[in-house]
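Biologist: I should like a close look at a single part of this model. Please take one helix, its surroundings and the aromatic contacts, and state the criteria behind each term.

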Amino acid sequence: MQFHHHGYVDEDPRVLPAAGHGLDRPASLPEETDVLVVGTGPAGMLLGAQLSMYPDVATRVVERRGGRLERGQADGLQARSIETFQAFGFAERLLAEAYRITEMQFWRPDPADRTRIHRAEKAIDSAGLPDSELSEFPHVICNQARVQDYFAEYMRHSPSRMAPDYGWELLDLVVEDADEADASAHPVVATFRRTVEAEGEPVGAERVVRAKYAVGCDGARSVVRRAIGGHLQGDSRNHAWGVMDVLVDTDFPDIRTKCAIQSAAGSILLIPREGNALVRIYVDLGDIAPEDAHAVRQTPIETIVERAQAILAPYRLEVRHVAWWSVYEVGQRVADTFDDVAPERRGQQHPRVFIAGDACHTHSAKAGQGMNVSMQDTFNLGWKLGSVLAGRSPAAILDTYSEERQVVAQRLIDFDREWSTLMGARTLDPAHPELGGIDPKEVTAHYLRSERQASGFATHYEPSRITGTGEHQALATGFPIGERFWSAPVVRVCDAVPVELGHHMRADGRWRLYAFAGPEAPGQGGALEAWAEWLRTSPESPYVTTHVEGTDAGSVLDVKVIWQQSHDDVEPGDVPTVFRPRFGPFQVIDEELVYAADEADDIFERRGVAREGAVVVVRPDMFVSAVLPLDRPDLLAAHFDGILLPAS
């Protein structure tokens, strides 16, 4: 964390100086705003947090509840989410309070006595392990409400000084015709109604807010989705599950281990909760008739407990306290549109309204995907909105949100359909194959096959305006274009501290350029030094064309270098100045942009970076946008043409 460059800081350095709209942010919901976010679930709170780093962009996050969420329903956090939290600066604090999943036990009917269950297989959760093939971060469980609290804190500490507007329910939203060239237009018109008395306004009071853009993060019954004519398409499996967070007295030996339990009486997915006492139990309630008309949702907690006891037999399960419980029907649905542009207008009109999270994809809770995928929706969208509104990018980049995330949502639904079907299926009895059912080993096999998808790392964005082709992929095979930038160990030259290269990324809307040097040491010339000089001085360089007078050199493009030599062989004075820029009001040198390969774990070897060097371009949402050669800087200029606008 960098601080003191604006002068000595003697308080919490996470609290950034107020700027822009943060200097006089209206306490009450205003009549106009740049971005209107509806809903304070994980998607809405991440979006608000990301936009809070654009102090000149006015953003309001509106919620119908009267205050913060107290008890979350989505609590599984995949490793990709923890990577994202690292960019917001709270991964370590969240991990300290979370429950870490290290393995999963699969319990099956005992072949010797199918009225009993026994341990059958075990799967290791590889995320977070040394030399993991997924991530250096683990898979954990933490209350959704705490995740949202961390995002709220990030907003409060940002230059924008943002905070959600609680107690407002969206009644209606319309989009008026507007000239897209008119940057002052606020064509989105939203009508809200007070749900709690506050600020001298009674319950039922209405207010109209106009915005340049709106994002519906308002759940499966989204008002925003209906307003833009969107529909959830898919079906229900006519299968029900009960879920409860409980304190129990039990002799079941794996009560503090994640378990998939299948018995002759049904199925359970058991997930220990943070705090080392609470446990979440998903209980299979079986198939329901099409004419049920949601009556299964009235199933009492006593019935869910009794079913769980029958499935766990012969083990004892006594529920001492129920913290929360619910009943839901499994259904997989995807919205037919993620924004307000009609199919026939695509490419001619840019979107003004978007939907994210449960507003555009719904599924079962057992795969632990809902909160994770929802946050990635808005992590994809937030920097695009901020960049357009800040004048850094053309509105055309907003078209890529729907293009990229609808594909991800459909893959999620397909994955969830397979997993929930296996978890809810009857187990095959070898003595009575005529009764049908699923071979229990297929559940384990599917779990292992799906680990990359379940951990959030199967997302691959196709070539587009903001994601390049694989023409030069061979220069950095370990950084696949269109996939998330996977960190690796390096050594920071200025202080010889071993760090993870990707952990220096921040959710600040900046693009990243990672320049992997060729074999020449600093001061010996070569392609890297020629590239660095071009980047710093050429009129075609995006580093030059995007620079706004009076701002720090790296305010749009964050440029770093990684040398092949040991840090002892890198003399700072020989490093090109573009990697040691001056910043802040006192124009001190930023020494934290120069790295060397870790001799014990060479990033060039680990990530397949060619020894002649390469440039890896990374989007603000941490996805690799391009891999380019050092000796063709013109390709970098061409890549950003249409992505970044020249500074006005």
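Modeller: The account below begins with the helix H4 and then turns to aromatic rings.

This is a predicted model, in which local features need pLDDT of at least 70, side-chain atom pairs count only at pLDDT 80 or more, and totals for chains, interfaces and linings use all residues. Residues are numbered from 1 along each chain as its sequence is written, and side-chain values use heavy atoms, with hydrogens and water left out.

Helix H4 covers residues 144–157; helices (H or I, at least four residues) and strands (E, at least two) are DSSP runs, numbered from the N terminus. The expected span of a helix is 1.5 Å times one less than its number of residues. For the 14 residues of H4 this gives 20 Å, and the end C-alpha atoms are 20 Å apart, which agrees. At the N-terminal end, Asn 143 caps H4, with a side-chain oxygen 3.0 Å from the backbone nitrogen of Ala 145.

Of the 14 residues in H4, 12 are buried, where buried means under 20% relative accessible area, exposed over 50% and partly exposed in between (1.4 Å probe, protein chains only). Among them are Val 147, Tyr 150, Phe 151 and Tyr 154. The buried residues of H4 pack against helices H1 (42–51), H2 (79–88), H3 (91–97) and H7 (370–389), and against strand E3 (76–77); contact here means heavy atoms within 4.5 Å.

Aromatic side chains of H4 also take part in ring pairs. Rings of Phe, Tyr and Trp (its six-membered ring) pair if their centres lie within 6.5 Å; planes under 30 degrees apart count as stacked, over 60 as edge-to-face and the rest as tilted. Such pairs link Tyr 150, Phe 151 and Tyr 154 with Phe 85, Phe 88, Phe 90 and Phe 379 into a cluster. In addition, Arg 146 lies over the face of Tyr 150, at 4.9 Å from the ring centre; the criterion is NZ of Lys or CZ of Arg within 6 Å of the ring centre and within 35 degrees of the ring normal.

The structure holds 20 aromatic pairs. In one of them, the ring centres of Trp 107 and Phe 252 are 4.8 Å apart and the planes at 50 degrees, so the pair is tilted. Trp 107 belongs to strand E5 (residues 103–110) and Phe 252 to the loop between strands E12 (232–250) and E13 (258–263), 145 residues apart. Trp 107 counts as buried at 1% relative accessibility, and Phe 252 at 2%.

Methods: A polar contact is a pair of N or O atoms within 3.5 Å; within protein, one must be able to donate a hydrogen and the other to accept it, and residues adjacent in sequence count only if both atoms are side-chain atoms.
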